[in-house]
Amino acid sequence: MNLAPAAHGHGARPVGDAALGVYVHIPFCASRCDYCDFATWTDRGALIGDYVTACVTDVETRVRRGELVEATSVFFGGGTPSLLDAAALLRILDAIPRRADAEVTVECNPDSVDPAKLRAYRHGGVNRCSFGAQSMRPHVLAALGRTHDPAGVARALDAARDAGIERLNVDLIYGASGETLEDWSATLDATLALGPTHVSAYALTVEPGTPLGGRVAAGCTPAPDDDDQAEKYELADDRLAGAGQHWYEISSWARPGDECRHHLLYWGQGDYLGIGCAAHGHRCGTRTWNVRRPERYIERIRAAASPVAGAEQLDPATRADEALALALRTRLGAAVPPGADAVATELADAGLLRRTGDRLVLTRPGRLLGTEVTVRLLAARAAGPQPVGTR
């Protein structure tokens, strides 16, 4: 299975040409989760002040150049953005010009927020929080290398709601070693009892170079089981839909109207700027990525040099392939690719797709095999229409 995030959502408006997102990467963590291979550091706290100043300077430079006029969404990710003092995070947010109705999300560790910080967020313009819960079972959290406890998740969501932040996401991970189906069911029940407006649920993946990857390679920890993860995905889909949260992307469920607008922008091939080390951006078919280490990012900004480490211009064919792959992962689905009608019919007959008007939408079995379905459709389009009698 490959259950990564994706595009346009049920009940959400497609992102328009004027939409522009800003992603701000905060690379600091108090501790590193065993499965994480992101650009994050636990020993760079002394850099936080300089890093925040660099982010503000970078934003101001983009504004002067006309690259950033009004953001429609801002997303603070990491790392642990909530590890920063509220005033430090809001220094960056204050520098970003944005529309009055812009969505502003902060990823939070339940251990690193309190009522005062969340009130400051809300007062400063934050209107959405995403809490990394991962599980509501202590032994599963331990297997993932998480430091919080389930009670902390409940306290954090209650405090956010009390502060006036109503749009709340909970991130979950399923498939950890020692997690039974009953454990996952209990996690879903406990999560829904907290009343989030959005839930993201991801199949655990084992990345090389992580502590989890090392344990799996050494045979000390079993690798996640595909059948187990498929059963847990189906349970999540049933349970969340029953609570009024409908899938709008393979790993994302939300109440109608509470889809993450920033992520819709990503997966709809919209434009967004990347601020901070390791942050990625996209503009008119060109992808960019910044230098990976926070020290290097600070140095580049201080020297009035570009923090961009590399760029890739996508040709029209590559963009079209990407658009198909992303759209197919969403509830709105994708148009039938030229030359792929026969393959689409085969996939529909196999129960992996359904046709809705002129669009192809993954069924639930199709979501579990989304990568394979996409590969077949892309291959059929690349091959082009075949002469009669060659199939």
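## Asp321 and its partner

Asp321 is partly exposed, with a relative accessible area of 32%. On the scale used here, buried means under 20% relative accessible area, exposed means over 50%, and partly exposed is whatever falls in between (1.4 Å probe, protein chains only). Keep in mind that this is a predicted model: local features need pLDDT of at least 70 and side-chain atom pairs count only at pLDDT 80 or more, while totals for chains, interfaces and linings use all residues. Residues are numbered from 1 along each chain as its sequence is written, and side-chain values use heavy atoms, leaving out hydrogens and water.

Asp321 pairs up with Arg381 in a salt bridge, N to O at 2.4 Å. Arg381 sits in helix H14 (residues 370-383) and Asp321 in helix H11 (residues 316-328), so this pair ties together parts that are 60 residues apart in sequence. Helices (H or I, at least four residues) and strands (E, at least two) are DSSP runs, numbered from the N terminus. Like its partner, Arg381 is partly exposed, at 22%.

## More salt bridges

A salt bridge here is a side-chain nitrogen of Lys or Arg within 4 Å of a carboxyl oxygen of Asp or Glu. By that rule, the count is 26. One of them joins Arg137 to Asp183, at 3.0 Å from N to O. Arg137 is in the loop between strand S4 (128-134) and helix H4 (138-144), and Asp183 is in helix H6 (residues 181-193), so the two tie together parts 46 residues apart in sequence. Asp183 is buried at 5%, whereas Arg137 is partly exposed at 32%.

Helix H14 turns up again with Arg376, whose side chain meets that of Glu346 in a salt bridge (2.7 Å, N to O). Glu346 belongs to helix H12 (residues 341-349), and the pair links distant parts of the chain, 30 residues apart. Both ends are partly exposed: Arg376 at 38% and Glu346 at 44%. Elsewhere, salt bridges with shared partners join Asp43, Arg44, Arg293 and Glu295 into one network.

## The nonpolar cores

In soluble globular proteins, nonpolar side chains tend to be buried together. A nonpolar core is a set of buried Ala, Val, Leu, Ile, Met, Phe, Trp, Tyr and Cys residues joined through side-chain atoms within 4.5 Å. The largest one has 88 residues, and Tyr121 and Leu377 touch the most other members. Helix H2 (residues 86-95) gives the most to this core, with 7 residues.

Setting aside neighbours within four places in sequence, Leu377 is in contact (heavy atoms within 4.5 Å) with residues including Leu324, Leu328, Pro337, Val343 and Leu360. Apart from the largest core lies another, of 10 residues, among them Cys36, Val140, Ile173 and Leu204.
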